[in-house]
2 protein chains.
Amino acid sequence: MDQIRVIDVKESVLADNDREADRTREALKKQGTYFLNVMSSPGSGKTTTLRRLIRDLSPKFKFGVMEADIDGDVDARAMQEDNVKTIQLHTGGMCHLDAGMAGRGLSEIGTKDLDCVVLENIGNLVCPAEFDTGASGNLTILSVPEGSDKPLKYPLMFQVCEAMVINKIDVLPYFDFDFDKVREYALMRNPDLQIFPVSAKTGEGFEALEAWLSRKILDWKKA
Amino acid sequence: MDQIRVIDVKESVLADNDREADRTREALKKQGTYFLNVMSSPGSGKTTTLRRLIRDLSPKFKFGVMEADIDGDVDARAMQEDNVKTIQLHTGGMCHLDAGMAGRGLSEIGTKDLDCVVLENIGNLVCPAEFDTGASGNLTILSVPEGSDKPLKYPLMFQVCEAMVINKIDVLPYFDFDFDKVREYALMRNPDLQIFPVSAKTGEGFEALEAWLSRKILDWKKA
């Protein structure tokens with residue numbers, strides 16, 4: 001009984017959410033601001049990856065960052081050290097951001113002068129995948145220590161993303177991580193998934209990832 | 001508006017859930033079966049930790065394992081290689097297990113002859129912490145590659161657990177992980193938290209963890 005009630009509410013919430021997400025996307029398309037939603041497990045290296053990505057691409061594009069957390073502001077403070085326009089969103093215990101919360105963040109940060117606004121979502125491989133935030137594109141980060149089986153266990157995340165970063169390849173020698181398997185499992189979920197093995201620590205692999213994001217931002221600006 | 005509706009349902013669901021969890025706990029107390037709920041991020045090493053723990057303690061206690069996943073059965077198959085009584089629970093997209101789902105698992109596995117039944121919850125540092133499964137005790141695993149700041153970002157998980165395993169200490173030299181900080185942050189959330197640094201790969205640190213679980217199981221059996 002309880003379960004049926006929850007699902008009813010969720011469906012109507014999701015339908016409302018999708019409409020709001022579409023409105024966000026339309027508005028951002030008009031002004032040429034690409035909105036990237038970054039999702040992953042806790043501790044996969046979202047902040048470190050984004051700091052390097054934004055530092056490298058800042059000569060070409062103007063970025064803004066929305067850091068979402070249940071509590072704390074460690075990532076926002078790290079981001080501000082790089083002089084990137086940053087705001088902190090607190091979800092008050094919520095496990096994901098929906099289009100409404102993301103929209104409030106976008107108004108707060110002010111997107112008019114930005115080429116790309118990045119949302120660092122709550123660290124969670126499950127719930128954030130269920131909610132369209134209004135992003136132009138979704139990216140997930142999987143890190144080597146987490147293991148190659150994650151696309152088997154958390155299917156939706158890999159379905160809704162167009163790109164997967166495999167982070168922490170600098171520690172590959174110390175973990176049993178199977179690149180062929182993770183590719184096979186991830187492409188099973190989404191055959192069009194772009195895969196970028198990187199080390200946010202050393203910078204290895206960032207050229208391809210940066211080329212991808214640059215192309216995405218420029219394509220979004222075209223009518 | 002949407003948010004208010006969701007919260008109403010959630011509160012009533014949580015109240016129902018707490019009652020069901022209490023009934024589970026009472027029934028398991030009567031028959032002397034300790035129920036351990038294990039929660040963590042995806043890829044922190046829940047299965048590897050549990051395999052070693054159960055293998056080492058099997059001469060003293062009879063274990064059963066419930067593997068919860070959104071999809072797949074990799075962990076259940078691994079567990080069965082060790083000849084441990086195991087069942088796989090599929091949540092169908094749900095990000096956590098509640099008392100009802102855990103209860104169905106307990107009936108299915110049959111707990112009468114077990115000293116300890118372990119639930120390996122969905123890999124998620126957020127939602128599983130919100131739902132009382134009826135467990136006798138909650139344990140969380142944080143792994144070195146995830147970083148020391150997790151108790152700042154995911155407060156509830158560290159509040160509801162009585163023990164925290166810090167796993168993958170064998171890779172400490174390759175990561176910036178601050179033991180003093182993680183202790184400080186975790187104890188801020190729960191001053192009584194028991195902390196066990198281990199490597200599920202090498203077995204380092206398991207004696208203390210096993211002594212803790214043995215004591216928990218034996219205490220539970222006392223009237």
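These are my notebook entries on the sheet and the helix packing in this structure, which is a predicted model.

**Entry 1, the sheet of chain B.** I began with the strands of chain B and found that 7 of them form an open sheet, which runs in the order β3-β2-β4-β1-β5-β6-β7 with parallel pairing. I then looked up which strands stand at the edges, and these are β3 (85-90) and β7 (194-197) of chain B; each has a single partner strand, so one side of each is left without a neighbour in the sheet. For the twist I noted that neighbouring strands of this sheet are turned by 20° against each other on average, with direction ignored.

**Entry 2, one strand pair and one helix on the sheet.** I picked out β5 (residues 137-143) and β6 (residues 163-167) of chain B, which pair in the parallel sense over 5 bridges. Following the register across this pair, I found I141(B) opposite V165(B) in β6(B). I next asked what helix α3 (residues 74-81) of chain B does, and saw that it packs on the sheet, where it touches β2 (63-69), β3 and β4 (116-120) of chain B, while its direction makes about 160° with that of β2(B).

**Entry 3, a crossover in chain A.** In chain A I looked at strand β2 (residues 63-69) and strand β3 (residues 85-90), which pair in the parallel sense over 6 bridges. The bridge partner that I noted for V65(A) is T86(A) in β3(A). Tracing the chain between these strands, I went from β2(A) through α3(A) to β3(A), and this β-α-β crossover is right-handed.

**Entry 4, α2 against α3 in chain A.** I turned to helix α2 (residues 46-57) and helix α3 (residues 74-81) of chain A, whose axes come within 10 Å and cross at roughly 20°. An angle under 35 degrees counts as roughly parallel, so α2(A) is roughly parallel to α3(A). I recorded the crossing of α2(A) and α3(A) as right-handed. Which residues make the contact between α2(A) and α3(A)? From α2(A) I listed T47(A), L50(A), R51(A) and I54(A), which meet D75(A), A78(A), M79(A) and E81(A) in α3(A). Sorted by class, the residues of this contact divide into 4 nonpolar, 1 polar and 3 charged.

**Entry 5, α2 against α3 in chain B.** I repeated the look-up in chain B, where α2(B) and α3(B) pack at an angle of about 20° with their axes 10 Å apart. That angle makes α2(B) roughly parallel to α3(B), and α2(B) passes α3(B) in a right-handed crossing. Here T47(B), L50(B), R51(B) and I54(B) in α2(B) meet D75(B), A78(B), M79(B) and E81(B) in α3(B). I counted this contact by class as 4 nonpolar, 1 polar and 3 charged residues.

**Entry 6, α2 against α8 in chain B.** Lastly I looked at how helix α2 (residues 46-57) of chain B meets helix α8 (residues 206-221) of chain B, and found that their axes come within 11 Å and cross at roughly 70°. Angles of 65 to 115 degrees count as roughly perpendicular, so α2(B) is roughly perpendicular to α8(B). I noted a right-handed crossing where α2(B) passes α8(B). On the α2(B) side the contact holds T49(B), R52(B), L53(B), D56(B) and L57(B), which meet F206(B), L209(B), E210(B), L213(B) and S214(B) in α8(B). By class I wrote down 5 nonpolar, 2 polar and 3 charged residues for the contact of α2(B) with α8(B).

Methods:
Residues numbered from 1 in each chain as written. Chains lettered and ligands numbered in written order. Predicted model: local features only at pLDDT ≥ 70, side-chain atom pairs only at ≥ 80, totals over all residues. Heavy atoms only, no water. Pairing = 2+ DSSP bridges. Axes fitted to C-alpha atoms, helices over the stretch in contact; angles between N-to-C directions. Contact = heavy atoms within 4.5 Å. Parallel < 35°, antiparallel > 145°, perpendicular 65-115°, else oblique. Left-handed = near helix turned anticlockwise from the far one by under 90°. Nonpolar A, V, L, I, M, F, W, Y, C, P; charged D, E, K, R; others polar. Right-handed = clockwise from strand over helix to strand, strands pointing away.
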